[in-house]
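Trainee: I should like to learn how the terms used for a protein model are justified. May we go through one together?

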Amino acid sequence: MLIRQSKNTFIRCTDKYGYIINQLTRQDRVYDKIGATFLKQIDRMPKDVDSILKELLKEFDEVSFIELKKDFLEFVSSLEQSKFIVSGDTPEELDKKDLDFTYNICIPKTLNDDFSQHTNEKVSNNTQDFFLEEVQGEPKISALQFELSSRCNERCIHCYIPSAKKQTGSDMPIEKVKSIIDEFAEMGGIHITLSGGEAFLHKDILEICKYCREKDLKISILSNLISLKDDQIPILKEVNLSIIQTSLYSMDPLIHDTITTVKGSWQKTKEAIEKLVAADIPVQISCPLMKANKDGYKEVLAYAQQLKIKAQTDYIMMAQANLETGNLANRLSLEETEKVIRDIIEYDLDYKQELMLKRPRSSEFEFNKERFSRQPVCGVGYDNCCITVNGDVYPCAGWQDYVLGNVYNQSLKDIWVKSEKIKQLRNITQSSFPKCLDCEAFDYCSRCLVRNYNETNGNMFEIPKHFCDVAFLNMRIVKEYEATFIKTMYTS
Amino acid sequence: MKYEKAKLIAKNLPTGSYAAGCPSYNKGGDNCLIQNNPRGKGCSSCERAK
């Protein structure tokens, strides 16, 4: 029997554990040291199980071939059940079994919002908690957002990157990009997000994508798509992108173009989205909400639904990375936010169902507030960071003002391990926000260091009033809705 | 190495895996899709069982 990992999975092993993820199903698993030894034997080329077992026998003491074979086949079968690997008698059979992303099915994988993973084995931990806690002493980088070009061909009115930076922008030379990718891969990184500015303004973007694949990295791209060329699409398909995320602000070209300040941008973005969908490349639409498009976003969601694309909105908005808050003039007021939230409850059927059923998200994992309070606020400093064109390394998208180091002066690894600023970030836990932990609206709020920082002239611990107001607003509306629902249930 | 049967020690929550890349595909920032959900949850806590 032959086995190989799916083209959509990525495997990383250390001396202590083995990790496998599938970019299509978005499921993942962590195995112990023995599991890691098994995983190390599985790669992108088909391998014969008996030859793998011969290799494994050299690794272990006091185990018979029969016992090892039984356990390994059970291991393989469990992985295959969840599409992490494929098995068969011939390489052709493996290719046939391996899934390609496609929109040509009722529910493309990108629309899936239930990531339940059945396993016969009992598991008491989830991968996020495992990584946050297991690596707290020695965080391991997993994701890197890479600004390939600081140039941009749009000047969106709400953007957190100051326009001045885009006007004097440049591209990072490909040799430097490749050397950083090399280093990231050596550090065990998995996910790379290519962004800007505008990522497609970098003349070597396709070569960079191919290089990421050579280094076995999972690729996402953030782009407005207006400079995407037809002949680039087959190559984007070939590199098996995880996702291309783009912003579409309205189905009214005038509104979209007013937000991007580029005439004709709506037409170009929309056409590019449709070409990517036709090529079965996973696309996601972001529709950040602001005053200019607060009335037309539902048409964007309907358009996305028609194309079977995942689309989401965001009604919060972040201040600029240079700590200026001028862009927030476009932010929705509380009254406007309330209307949007009510719309979401009314029109988002999945969310409505979740509210009505009030089902626990999982019966396997319990939420433990005490444990939660010891955990980091997010993955900042723990599993991801970003790099600008000039080599500055910063903790998270939008936090360009908080420079951890520069890859032209130091290695990425040195910055990740030694930066004093990153060490400070790693000391921040949920308990750093004691008022939030005991807040009535805790479940309705999202704590975000960079949003705090950019809006409060650089204080990541100070939560702007707007965020608390929105949390309380959320709570009030949800409780009101639940009460109405219960009343309706009793009267009917 | 002493042999024992391989153990699965963690897997993603039904709500997705932040470790496998944020289920919303983008972490934080203006495009953080978690914000779409009125029941907040926030970056990283998005996949927590409640």
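Mentor: Please keep in mind that this model is predicted. In which sense do strand β7 of chain A and β8(A) pair, and over how many bridges?

Trainee: β7 (residues 143-149) of chain A and β8(A) pair in the parallel sense, over six bridges. Within this pairing, A:A143 stands opposite A:H191 in β8(A).

Mentor: What makes β8(A) and strand β9 of chain A a pair?

Trainee: Two strands pair if DSSP finds at least two bridges between them. Four bridges join β8(A) to β9 (residues 218-222) of chain A, so the two strands pair. They run parallel, and A:L194 stands opposite A:I221 in β9(A).

Mentor: Why is β8(A) described as largely enclosed by the rest of the structure?

Trainee: Six of the six residues of β8 (residues 191-196) of chain A are buried, so the strand is largely enclosed. On one side the buried residues are A:H191, A:T193 and A:S195, and on the other they are A:I192, A:L194 and A:G196. Both faces are therefore covered, each of these residues meeting the burial criterion of 20 or more other C-beta atoms within 10 Å.

Mentor: What is the order of the strands in the open sheet of nine strands?

Trainee: The order is β12-β11-β10-β9-β8-β7-β13-β14-β15 in chain A, and the pairing is mixed.

Mentor: What makes β12 and β15 of chain A the edge strands?

Trainee: Each of them, β12 (310-314) and β15 (405-406), pairs on one side only. For β12(A), five bridges join the strand to β11 (residues 283-288) of chain A, and the two run parallel. The bridge partner of A:C287 in β12(A) is A:T313.

Trainee: May I now turn to the loops? Where is A:G197, and what is notable about the peptide bond from A:G196 to A:G197?

Mentor: A:G197 lies in the loop between β8 and α8 of chain A. The peptide bond from A:G196 to A:G197 is cis, with omega near 20°.

Trainee: A:D204 is placed in the loop between β8 and α8 (205-214) of chain A. Why is A:D204 called partly exposed?

Mentor: A:D204 has 17 C-beta neighbours inside 10 Å. A buried residue needs 20 or more and an exposed one has 12 or fewer, so A:D204 falls in between and counts as partly exposed. A:D204 and A:L148 are 56 residues apart in sequence, and their C-alpha atoms are 9.4 Å apart in space.

Trainee: How do we know whether A:L225 and A:K83 are buried or partly exposed?

Mentor: A:L225 has 24 other C-beta atoms within 10 Å, which reaches the cut-off of 20, so A:L225 is buried. A:K83 has 18 such atoms, a count between the two cut-offs of 12 and 20, so A:K83 is partly exposed. A:L225 is found in the loop between β9 and α9 (233-238) of chain A, and A:K83 in the loop between α3 and β6 of chain A. Phi is positive in both: near 70° for A:L225, a residue other than glycine, and about 65° for A:K83, which is not a glycine.

Trainee: Let us consider the helices. Why is α10(A) called roughly perpendicular to α11(A)?

Mentor: Helix α10 (residues 253-260) and helix α11 (residues 265-278) of chain A pack at an angle of about 105°, with their axes 8 Å apart. Angles of 65 to 115 degrees count as roughly perpendicular, so α10(A) is described in that way. The contact is made by A:P253, A:H256, A:D257 and A:T260 of α10(A) and by A:S265, A:W266 and A:Q267 of α11(A). By class, two of the contact residues are nonpolar, four are polar and one is charged.

Trainee: Which residues make the contact of α2(A) with α3(A)?

Mentor: Helix α2 (residues 49-59) and helix α3 (residues 65-81) of chain A pack at about 115°, with their axes 10 Å apart. The contact is made by A:L53, A:L56 and A:L57 of α2(A) and A:F65, A:L68, A:K69 and A:F72 of α3(A). By class, this contact has six nonpolar, no polar and one charged residues.

Note on methods
Residues numbered from 1 in each chain as written. Chains lettered and ligands numbered in written order. Predicted model: local features only at pLDDT ≥ 70, side-chain atom pairs only at ≥ 80, totals over all residues. Axes fitted to C-alpha atoms, helices over the stretch in contact; angles between N-to-C directions. Parallel < 35°, antiparallel > 145°, perpendicular 65-115°, else oblique. Contact = placed C-beta atoms within 7 Å. Nonpolar A, V, L, I, M, F, W, Y, C, P; charged D, E, K, R; others polar.
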